[in-house]
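Subject: Structure handover, with notes on its cores and ring pairs

Dear colleague,

I am passing on the structure below, and after it you will find what I noted while going through it. Please read the notes with the model open beside them.

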Amino acid sequence: MLEIEEVKYNLTIKIDLDDVASYLGKIFTNLTQCEGYVINRWSNSDQALTIAKLCLPEPFNSVEDTYRNYRIYAGENDPNFTVFESREHQFISDASQISNGSTRSRFERWKMKELLILPISDHTHCSGTAMLFSCSTSLNLSCLDYLLELTALFTPPLKSSSSLRDIRSHNLHLNSLMSTNDQFNDYLSNLSSYASHQSTCH
């Protein structure tokens, strides 16, 4: 089992969202023997829980790219939002425990046997949720208290790396708009030059 101080140190050198989420997923897998996981980050810009990292067992790993950046929007009746808002974990062993929503669909589609949804939260903020699941075995929940302690450590870096991702995405969108605007201005300038040339020819 990783020492808390080792985790703290490793997090000081990870600022990219993919690195933070991958590190958390690796720890989850080692501690719980889960066969798959999904890490959702809270995006203020989208007002949604957005998949930051997922790892699916065969044969479902072929659809990982399909689900990347999938969003569960605020207000949806989904256990991930219940966990996000309450900051209380949920353990699910049957699809009937989930009323509806995308999490129930995934529970059935990915043939889950057990699902644990954890808040990635400390005493001041919740940065997202983590879904740990098994398909053929049982999850090792003997270290649940330790898992909750770990997710508290990951809350600030996940929040900051998520915000950085949103800022970069926003900047890319702005650059795209500016490029489109420049192209449109060039078009208008060329059109004006053409019209001026035509008028002098007549």
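Thr 32 belongs to helix H2, where helices (H or I, at least four residues) and strands (E, at least two) are DSSP runs numbered from the N terminus. Please bear in mind that this is a predicted model, in which local features need pLDDT of at least 70 and side-chain atom pairs count only at pLDDT 80 or more, while totals for chains, interfaces and linings use all residues. Residues are numbered from 1 along each chain as its sequence is written, and side-chain values use heavy atoms, with hydrogens and water left out.

With a relative accessibility of 1%, Thr 32 counts as buried, a word that stands for under 20% relative accessible area, as against over 50% for exposed and partly exposed in between (1.4 Å probe, protein chains only). Its side chain reaches the backbone oxygen of Phe 28 at 2.8 Å. If neighbours within four places in sequence are set aside, Thr 32 is in contact (heavy atoms within 4.5 Å) with Leu 132, Leu 139, Asn 140 and Leu 147.

Two of these residues lead on to the largest nonpolar core, since among its 25 residues Leu 132 and Leu 147 touch the most other members. A nonpolar core is a set of buried Ala, Val, Leu, Ile, Met, Phe, Trp, Tyr and Cys residues joined through side-chain atoms within 4.5 Å. Two or more residues of this core come from each of helix H2 (17-32), strand E1 (36-43), strand E5 (114-121), strand E6 (126-134) and helix H6 (144-201), and H2 gives the largest share, eight residues. Apart from this core lies another, of 17 residues, which includes Leu 54, Tyr 67, Ile 98 and Leu 115.

The structure also holds seven aromatic pairs, meaning rings of Phe, Tyr and Trp (its six-membered ring) with centres within 6.5 Å, stacked if the planes are under 30 degrees apart, edge-to-face if over 60 and tilted for the rest. Tyr 67 and Trp 110 pair edge-to-face, at 5.1 Å centre to centre and 75° between the planes. Because Tyr 67 lies in helix H3 (residues 64-67) and Trp 110 in the loop between helix H5 (102-109) and E5, this pair ties together parts that are 43 residues apart in sequence. Tyr 67 and Trp 110 are both buried, and ring pairs link them with Tyr 70 and Phe 133 into a cluster.

With kind regards

Key
Polar contact = N/O pair within 3.5 Å; in protein donor to acceptor, adjacent residues only side chain to side chain.
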